[in-house]
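Colleague: I would like a close look at a single part of this protein, followed by whatever in the rest of the model helps to set that part in context.

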Amino acid sequence: MSTHKLLDIQPTPNVLLALTRTPITPLDALCELIDNALDSFRAAEALGQPSAFRQVFVEVPGASEVNRGDGFVRVRDSGPGLTEEQIANALRAGYSSKNAFDTLGLFGMGFNIATGKLGRVTKLISARAEDSYALQVTVDLPKLLEQGSFEVPADVVAKPHGLEHGTIIEVRNWWPEGDPNNAFIRKLASLGKNVIRQQLARRYATILRGEGGSRTKILLNNDSYPAFEHCVWDASRFVERAGHGRIPARISFDKELTKNIRCLRDGTLMEYGQPCGRCGGSEAREVVERVWGWVGIQRYDDQNDYGIDLIRNGRAIRIGEKAAFFEHVDENTKKAEKEYPVDQQYGRIVGEVHLDHVPVDFSKQDFQRTSDEWYAAMQFLRGSSLIPSKWGPGETNPSPVSRLFQGYRKVRNFGRADMYMGQYNPAKGKAERIPREIEREYLSRFQSQEAGYYDDTKWWELVESANDKPIEELLECPVCGFQNVPRVETCEECNCVLVGKNCLNSDCGAEIPKSAVSCDVCGSSQIPKVITPWNCTFCGQTNEASEDACRNCALVRGAAHPASEEELLTASEEWTDLSITGLTISLADGTTSSPVDVTTRMMQRPIVPRYGREPIPVLSHKKIGKIAVFVDRMHPAFSELGMRPEDMVAAETAQFFYDNYSSLTGQRGHSPGVLMAEVLRRAWGDLVAETPESVREEIKQVFRLIAERLVGIPEAEDFYADLDEKQQRALAEGMISSGVDLSELNRMKQSGEYLRYCDPAALVMFFQKFPQVWFDGQVWRDPWPSDDLGPTVAEGLREELSIKYLRCLEDCASYLRYQRPEPLLVTRARAAADFLDSRL
């Protein structure tokens, strides 16, 4: 005989605590609460009771409040309010009465994750118009854990001031130091109100504009703000391409892909009259798989500020999405290949695409990219590949993104041809790109909605006029008003000087025509005196007076010797670690030397002491009581011979002492070698006493600093896919050894924080793939050479700069793999680490 009984498998309050470890960003948590408020308006509309005023009030504490343990996060809506049963369901982890298609938020899991990560205590107050009271429920996570029960008190309270109907969610009591969520609210508060406003304006842009429904206001700390708008060309603008015809700058679409019957609870495909195969539910409805929105061309291009916003039910789930639209994934190898932009690093395809029917992950970080709905939408939006050479025989790609790609993939012809603002350059005889400062000015005026800049009228003027040669203006005589043809020097009507110069005779100084060879007033000659030939300070070559640069070595006339102190100072910066003030040493006769100030400077170019000679590693300039030592850190003496900068500086300083105390010449102990040892001991004893382990620690610190500076670089998210299995395993081990939960990895991929735990070899590989993003102050202080120098020159300088840093990075990364490195390797690695550290 068998018996059975029901077992109580209701989860414990620890489930709520576990949910607070879910990896989402502070902004995503705030948006989850806003989403639930917006859903209340949708629910009221579905019941035929649309809200007259759709408003959501958001309050976020400042950083100083959070540091004191004060403040709160509060989200209040003007919706219809909740019943007691609805509140209970809203707070129940994992429960949702919402369908899978019409809502933004997800009360239950999403609500508990968001509130639990923000703080320990959540208060929910809701009031309905037909009731004279409000309901208040407080969820205190520490108390729930202590009592081991999910029971929370529900109180009937007076309606708060201003809340005739609607719901308030308030989170306070921040997690204490030591808790993983302690930094969560700090990150949100530290963003600042302006950043949060900008993010909300972008994420809820279509809702704030009222597209696809009633307009809603979302206020932050009682301040309203306009919805984000893309700065795109008008749909009437176009380019023409052979084989593709006229391609407008903005393409709108509203495409119904298919219809099917789906479970209202979890979205599973169903048949009428049959229960859901996943959840057993019977509620179903016909779901239209509809893709609508637009894609277009931004009026300016940018390295990062482009891409397409993917929106679900009014909220942008992905902002500036690039990979889904601009990469081709090989079906066999699964390798992703970047298709746009390729010819240059600047993109300008943007858009807003609504995918209301495509499922998202539970934390709304991304769409479910393996779903059939996602695949069908991407096929419509961008097709299989944007590159025609990858199309099959007779195949075309008429998708919206492909059409824009065929028309606007390159910006080479400034003006109407490629629809880009330009200006005519008389020297080159063609149009060139307008300065970036003008683009920034126009964008600022667009954001201020200034007429002519908000619409594209003023922008288009610079497109149309790019190839127009400027009309030469007639010169108007200031005396008689006669309009003269350009390039005349005197008025053809009254003979007034229009373009002139002063007479060279200082006693006269009359204004005469610029090309005059003699003065009409005093008669003195206006031909300058002949300047005598000049000698080059570098190579000694005698040059003709008319030559502006040396015909032998090309040094500019009048320039100082490249190895002079004046020129070396302009091409170097002080190396404080190897500089010392008031250095004294013991001399051979037992006395102490007078103090000397040693200033060491690191060169940014080679030191050439004399024309025709090879560069030297060090050069010093000496004065009374002072010596300036200039060191070329990249000289082969350091990188190949293993010499140390400290030795070089000490040798120069020792020679300085040797020469200054010439009266001791001949005495035992008064030699450059002995003096050098004394200088090293007195000045840099600790620095030169290096060990293989100390160098190893120094290199590790350099890579740690590099990784910190790489966080936030957009290319880091794409680079993760390039890590091989061994590197990904090393990354996971690094995270674990640092006490970081592996569940944080997905978030870290997007922000680039995972680079902190990659091995150095991976960072070297990242530099090889994206060297340009490391410069201009991101990691290294050195500027990345721009095309303003000319494409050929710029490319050569970029290659030289990349190789210099790559060799140092490879030396450091290789050194960490040696167990017992040879002395030469120790010195070489130390030199490379010193150089990299100095450029951070």
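Which residues does His354 touch, not counting residues up to four places away in sequence?

Modeller: Please keep in mind throughout that this is a predicted model. Leaving aside residues up to four places away in sequence, His354 touches Thr206, Arg290, Val291, Trp292, Gly293 and Ile311. His354 itself belongs to strand β16, which covers residues 347-354, and because its relative accessibility is 3%, below the 20% cut-off, His354 counts as buried.

The loop that leads from β15 (336-338) to β16 contains Pro341, and the peptide bond from Tyr340 to Pro341 is cis, with omega near -15 degrees. In the loop between β14 (327-329) and β15 lies Lys334, whose phi is near 65 degrees, a positive value in a residue other than glycine; Lys334 is exposed, with a relative accessible area of 60%. A comparable description applies to Asn495, which has a positive phi of about 65 degrees although it is not a glycine, which is placed in the loop between β20 (483-484) and β21 (500-502), and which counts as exposed at 57% relative accessibility.

Tyr346 offers its ring to a charge, for the charged end of Arg436 sits over that ring, 4.7 Å from its centre. The charged end of Arg416 likewise sits over the ring of Phe238, 4.6 Å from its centre. Strands β17 (residues 422-425) and β18 (residues 430-433) pair in the antiparallel sense over 4 bridges, with Tyr424 standing opposite Ala431 in β18. This hairpin has 4 residues between the strands, and Gly429 takes a positive phi near 70 degrees there.

Helix α13 (residues 436-447) holds Tyr442, while Tyr453 is in the loop between α13 and α14 (457-464), so the pair ties together parts that are 11 residues apart in sequence. The ring centres of Tyr442 and Tyr453 are 5.0 Å apart and the planes stand at 90 degrees, so the pair is edge-to-face; both Tyr442 and Tyr453 are buried. In total the structure holds 25 aromatic pairs, and one aromatic cluster is formed by Phe719, Phe766, Phe767, Phe770, Trp774, Phe775, Trp780, Trp784, Tyr805 and Phe835.

Tyr805, a member of that cluster, is also among the buried residues of helix α24, as are Arg798, Leu801, Leu809 and Cys812. The buried residues of α24 pack against α19 (692-710), α23 (760-769) and α25 (823-839). The length of α24 can be checked: at 1.5 Å a residue, its 25 residues, 791-815, should span 36 Å, and its end C-alpha atoms are 36 Å apart, which agrees.

Finally, a few words on the cysteines: a search of the whole structure finds 0 disulfides. Cys522 is in no disulfide, the nearest cysteine sulfur being that of Cys503, 3.7 Å away, and because a disulfide requires sulfur atoms within 2.5 Å, that distance does not qualify. Cys812 is in no disulfide either, with the sulfur of Cys808, the nearest cysteine sulfur, 6.8 Å away. The surroundings of these two cysteines can be stated as well: Cys522 is partly exposed, with a relative accessible area of 36%, whereas Cys812 counts as buried at 1% relative accessibility.

How values were computed
Residues are numbered from 1 along each chain as its sequence is written. This is a predicted model: local features need pLDDT of at least 70, side-chain atom pairs count only at pLDDT 80 or more; totals for chains, interfaces and linings use all residues. Side-chain values use heavy atoms; hydrogens and water are left out. Helices (H or I, at least four residues) and strands (E, at least two) are DSSP runs, numbered from the N terminus. The expected span of a helix is 1.5 Å times one less than its number of residues. Buried means under 20% relative accessible area, exposed over 50%, partly exposed in between (1.4 Å probe, protein chains only). Contact means heavy atoms within 4.5 Å. Rings of Phe, Tyr and Trp (its six-membered ring) pair if their centres lie within 6.5 Å; planes under 30 degrees apart count as stacked, over 60 as edge-to-face and the rest as tilted. A charge sits over a ring if NZ of Lys or CZ of Arg is within 6 Å of the ring centre and within 35 degrees of the ring normal. Two strands pair if DSSP finds at least two bridges between them.
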